[in-house]
Amino acid sequence: MNFLEQEAANRRRTWLVIVFFVTLLGVIGAGLDVAVFGGGPVPVATLTALVIGTVSAWWTLRWGDRAILASSSAASLADCLAAASSDDERFRLQQYQNVVEEVAVAAGLPVPAAYVIPDDDPNAFATGRDPSHASIAVTAGLLRTLNREELQAVIAHEMGHVRNYDIRLMMVISALLGAVLLLAHWSSRALWYGGRGRRDNRNAGPALLILLAIWIVAIVLAPIAARLLALLVSRTREYLADASSAELTRNPLALASALKKIDTAAEPTEHINKGTAALCIADPEGHEVNEREGGWASLWATHPPIPKRIAALEAMAGTLGH
Amino acid sequence: MGSLILLAIIVLALLWAMITYNRLVGLRNQTQNGWRQIDVQLKRRHDLIPNLVNTVKGAMEFERDTLTAVMDARARAMAAAGPADAARKEGELSQVLGRLLAVTENYPQLKSNENVKQLQEELSSTENRIGFARQFYNDIATKLNIARQSFPSNLIANAFGFAPAELFGITDDTDRAVPSVDLSMKPPQ
């Protein structure tokens, strides 16, 4: 598949997951509102859970980028240049700035703020609530390991996240996830403590019992299902960002080469904490999932296995006649 | 009841029309911006060249022809009349610059000079930006053309007179030929 087709496929998958999520939310919320709150016109439980989830997600979206950059000890490019100890380092930093500006031109977007993280392990992430307030951070290890072409491909991948509003999407997913978990928690409480008071409703017939059964199944599965769905979205957006990198640079093999280098250096990136993992180019925990494909473990990964990502990029290169 | 459904259909249709119109307006403006962005990058190159020529002039006395060719091509590109002419002149400037950058490789004292390294990086970055600006323009112009031609947005596009966008391409066949770089220059003495 060429990069446009891959992008379309990944966007469609994201929509499917969101529909599934909203359905799950609706099922649990409806059950709780009917069973506990008597099914009035206003779905109190569902709305409360959504509001709580939304407020926390909005807060993270608005202020999260500053928190993430601070927690990973990121230094702005200007600060790094001022503190540079060698001509070589200065040259590398200036090249990094040039690459960021080039990729911004390719994407037709404002130039994001550039940061450097003092970690030897090669990695990068993007953050920011929209393209006008975006930041890209790379580790010192990345600047040392990759050549200019590969650096450009990685920055283009991060720019892809910015352009595709992935940061905002992950906030929406986290709001939905939060709401589902809250509702499931309340529902299981209601069933455990409050269920005894509702015995008078039990003569309502088989249809209601079936719905009750569905509701209970949803509550039991929700915590795991919702988390797995969120991780599926994270992996889908990684594939999408890879395809966006190919679209911006028209050079998918450069990203493939960068991923190979990053993979062989896959030690944990200590400065990037777990919460930020979804925004990185490679799993900062250096999981062996990067090596193993398929199986239970890969469902819990924020990133697809690197060999699969490289295969997808090589397929794109094929369609570009490389 | 029937009139209520009809009202709902009309409202939805108007909503769709508004959304489509705004989308076309957004694409048209981004396309125009994309076109201007190419000029911004070309101008950046014009501004960088005199610096590069001055920095290398002292060490590259034997390349006076190449250096003069660069300055002449730059002047011609800046004085170009109209987009087609500008495209050709800028293409010639790219070729001459490429020759100069290739030739600089023969002068080891220049290669280790920090200023030269930096200017080479700036020039190469500018060439990349010019390429990316053209690429972005073509990509966004294609999106506009697709929206203009697809059904049902073509109804809105034709109703409100959205013109097709022309893609940036090579007009002169000589530009397609791979440039041959002659590296058999006189060695420095």
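**View 1. The end of helix H2 in chain A, with A:Ser73 just beyond it.** In this predicted model, A:Ser73 follows just after H2(A) and takes a positive phi of about 55°. Helix H2 itself covers residues 44-71 of chain A and bends by about 60° at A:Trp63. Its buried residues can be picked out along the helix, beginning with A:Ala45, A:Thr46, A:Ala49, A:Leu50 and A:Gly53, continuing through A:Ala57 and A:Leu61, and ending with A:Gly64, A:Asp65, A:Ile68 and A:Leu69.

**View 2. The open sheet of chain A.** Four strands of chain A form an open sheet in the order E1-E2-E4-E3, and their pairing is mixed. Strand E1 (75-76) and strand E3 are the edge strands, each of them pairing on one side only. As a general point, the strands of a sheet pair through backbone hydrogen bonds, either parallel or antiparallel. Strand E3(A) and strand E4 (residues 135-139) of chain A run antiparallel and are joined by four bridges, and within this pair A:Ala126 stands opposite A:Ile136 of E4(A). Which residues cover the two faces of strand E3 (residues 124-127) of chain A? On one side are A:Ala124 and A:Ala126, on the other are A:Phe125 and A:Thr127, and all of these are buried.

**View 3. A:Ala137 and the largest nonpolar core.** The largest nonpolar core holds 96 residues, and the members that touch the most other members are A:Ile28, A:Val103, A:Ala137, A:Val154 and A:Val180. Helix H8 (residues 206-249) of chain A gives the most to this core, with 13 residues. In general, nonpolar side chains tend to be buried together in soluble globular proteins. Apart from its neighbours within four places in sequence, A:Ala137 is in contact with A:Leu69, A:Ser72 and A:Ala74, with A:Tyr115, A:Val116 and A:Ile117, and with A:Ala124 and A:Phe125. A second, separate core has 15 residues, among them B:Met60, B:Val70, B:Leu100 and B:Leu123.

**View 4. B:Val53 in helix H1 of chain B.** Is B:Val53, which is found in helix H1 of chain B, counted as buried or partly exposed? It counts as partly exposed because B:Val53 has 18 C-beta neighbours inside 10 Å, whereas a buried residue would need 20 or more. When its neighbours within four places in sequence are left aside, B:Val53 is in contact with B:Leu67, B:Val70 and B:Met71. B:Thr66 lies 13 residues from B:Val53 along the chain, and the C-alpha atoms of these two residues are separated by 9.9 Å.

**View 5. The contact between chain A and chain B.** Chain B brings 16 residues to this contact and chain A brings nine residues. On the side of chain B that touches chain A, the elements giving two or more residues are helix H1 (2-57) and helix H5 (114-149) of chain B. H5(B) gives the most to this side, with 12 residues. Sorted by character, the residues on this side of chain B are four nonpolar, eight polar and four charged.

**View 6. The two chains in outline.** Chain A has 11 helices and four strands, while chain B has six helices and zero strands, so that its elements from the N terminus on run α-α-α-α-α-α. Buried residues make up 46% of the 322 residues in chain A and 26% of the 189 residues in chain B. Among contacts between residues at least 6 apart in sequence, those that join residues at least 24 apart account for 72% in chain A and for 74% in chain B.

**View 7. Confidence along chain A.** The average pLDDT of chain A is 83, and 87% of the residues score at least 70. Where in chain A is confidence lowest, and where is it highest? It is lowest in helix H10 (residues 295-299) of chain A, with a mean of 67, and highest in helix H6 (residues 148-163) of chain A, at 95. Over residues 288-293 of chain A the pLDDT is below 50, although this stretch has 16 contacts in the model beyond near neighbours in sequence. Where pLDDT is low, the predicted coordinates should not be read in detail.

Conventions:
Residues are numbered from 1 along each chain as its sequence is written. Chains are lettered from A and ligands numbered from 1 in the order in which they are written. This is a predicted model: local features need pLDDT of at least 70, side-chain atom pairs count only at pLDDT 80 or more; totals for chains, interfaces and linings use all residues. A residue is buried if 20 or more other C-beta atoms lie within 10 Å of its own, exposed if 12 or fewer, and partly exposed in between; C-beta atoms are placed from the backbone. Two residues are in contact if their C-beta atoms, placed from the backbone, lie within 7 Å. Ala, Val, Leu, Ile, Met, Phe, Trp, Tyr, Cys and Pro count as nonpolar, Asp, Glu, Lys and Arg as charged, and the others, Gly among them, as polar. A nonpolar core is a set of buried Ala, Val, Leu, Ile, Met, Phe, Trp, Tyr and Cys residues joined through C-beta atoms within 7 Å. The bend at a residue is the angle between axes fitted to the seven residues ending there and the seven starting there. pLDDT is the predictor's confidence in each residue, from 0 to 100. Two strands pair if DSSP finds at least two bridges between them.
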